[in-house]
Amino acid sequence: MLLEKERAQIVEIGKKLVETGLVTLSWGNLSIRDEASNLIAISPSGVDYTTLKKEDVVIIDIEGNVVEGNLNPSSETPMHLYIYKNRKDALSIIHTHSTYATAIGVADEEIPLVIGELANALGGNVRTTNYAAEGSIELGVEVVKAMEDRAGALMKNHGVVTIGRTLKDAFFNAMVVENAAKIYFIAKCLGKYTTISDEEAKKLHEEFLKGYKYTI
């Protein structure tokens, strides 16, 4: 079985996505790129994460050709491939439909620097893409633009994408985005919010990278 370790990680984190409410049933998708072979393990299309098995995970090459697996790879494969080709620091990708962050994307807003965790892990505020159709290369193009110098972005009318050196990093980033979105939403309901300065954000991010040995 190719990339057995990576397949197991996708099964593990897929269940955590459901448990934490970042996705529902088979929504969203996740993948890992193996640097040595440049092969990608990606979640299959339409399979409930609570029943997902290692054998269900599909192995594709960087052009999207199926190398191993009996199921269809995620419908968002074109987006994953475009990100991998244009963000060499990305070794894992997670796409969620988390409620608060998705709502902010629907409103065509960004998540400003309301908490330090955004600076720590994401590198700054979380921008929203221009609209692009689900499952299209164009969506990948818009995500890469919005994710410049960041480890995540909101997709307009669609959801959230985060990247990481590992799948656990990408999952951590997805949790940070949703938590920040909730805080921003509540603060707006209270009538005002404050943000962290860009100078402070840069300092926090550099300290985080040094302390956690984690790069976006």
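The questions and answers below concern a predicted model.

User: In what order do the seven strands of the open sheet lie?
Analyst: The sheet is open and its pairing is antiparallel. The twist from one strand to the next averages 25 degrees. The strand order is E4-E3-E2-E1-E5-E7-E6.

User: Which are the edge strands?
Analyst: An edge strand here pairs on one side only. In the order E4-E3-E2-E1-E5-E7-E6, the strands that do so are E4 and E6 (152–155).

User: Which strands pair with E5, and in what sense?
Analyst: Strand E1 (residues 29–33) and E5 are joined over four bridges, with Asn29 opposite His95. E5 and strand E7 (residues 159–164) are joined over five bridges, and there Ser92 has Gly164 as its bridge partner. The partners are E1 and E7, and the sense is antiparallel.

User: Is strand E5 enclosed by the rest of the structure or open, and how many of its residues are buried?
Analyst: On one side of E5, Ser92, Ile94 and Thr96 are buried, and on the other Ile93 and His95 are buried, so both faces are covered. The strand, residues 92–96, is therefore largely enclosed by the rest of the structure. The number of buried residues is five of the five.

User: How many bridges join E6 to E7?
Analyst: The two strands run antiparallel. Gly152 stands opposite Thr162 in E7. The number of bridges is four.

User: What angle does the direction of H6 make with that of E7?
Analyst: H6 packs on the sheet and touches E1, E5, E6 and E7. Its direction and that of E7 make an angle of about 140 degrees.

User: How far apart are the end C-alpha atoms of helix H1, and what span is expected?
Analyst: H1 covers residues 4–19, which is 16 residues. At 1.5 Å a residue the helix should span 22 Å, and this agrees with the distance between its end C-alpha atoms, 23 Å.

User: Which elements do the buried residues of H1 pack against?
Analyst: The buried residues of H1 are Glu6, Arg7, Ile10, Val11, Ile13, Gly14 and Leu17. They pack against strands of the sheet and against one helix. The elements are E1, E2 (40–42), E3 (58–60), E4 (66–68), E5 and helix H6 (167–189).

User: Which residue with a positive phi follows H1?
Analyst: The phi of this residue is near 80 degrees. The residue is Gly21.

User: What is the N to O distance in the salt bridge of Glu12 and Lys16?
Analyst: The two residues are four apart in helix H1, so about one helical turn separates them. Glu12 counts as partly exposed because its relative accessibility is 35%, and Lys16 counts as partly exposed at 31%. Their side chains meet with an N to O distance of 3.7 Å.

User: How many residues apart in sequence are the parts that Lys188 and Glu109 tie together?
Analyst: Lys188 forms a salt bridge with Glu109, with the closest N and O atoms 3.0 Å apart. Lys188 lies in helix H6 and Glu109 in the loop between helix H3 (99–106) and helix H4 (116–122), so the pair ties together parts that are separated by 79 residues.

User: Which residue of the Lys145 and Glu142 pair is buried, and which is exposed?
Analyst: The two form a salt bridge, with the closest N and O atoms 3.7 Å apart. They are three residues apart in helix H5 (residues 137–146), so about one helical turn separates them. With a relative accessible area of 15%, Glu142 is buried; at 52%, the exposed residue is Lys145.

User: At what angle do the axes of H3 and H6 cross?
Analyst: Two packed helices are described by the angle and the distance between their axes. Thr99, Tyr100, Ala101 and Ile104 in H3 meet Val177, Glu178, Ala181, Lys182, Tyr184 and Phe185 in H6. The crossing is left-handed. The axes of H3 and H6 come within 7 Å, and the angle is roughly 65 degrees.

User: How many salt bridges does the structure hold?
Analyst: Among them are Glu12 with Lys16, Lys188 with Glu109 and Lys145 with Glu142. The number in the structure is nine.

Methods:
Residues are numbered from 1 along each chain as its sequence is written. This is a predicted model: local features need pLDDT of at least 70, side-chain atom pairs count only at pLDDT 80 or more; totals for chains, interfaces and linings use all residues. Side-chain values use heavy atoms; hydrogens and water are left out. Buried means under 20% relative accessible area, exposed over 50%, partly exposed in between (1.4 Å probe, protein chains only). Two strands pair if DSSP finds at least two bridges between them. The expected span of a helix is 1.5 Å times one less than its number of residues. Contact means heavy atoms within 4.5 Å. A salt bridge is a side-chain nitrogen of Lys or Arg within 4 Å of a carboxyl oxygen of Asp or Glu. Axes are lines fitted to C-alpha atoms, for helices over the stretch in contact, and angles run from 0 to 180 degrees between N-to-C directions. A crossing is left-handed if the near helix is turned anticlockwise from the far one by less than a right angle, and right-handed if clockwise.
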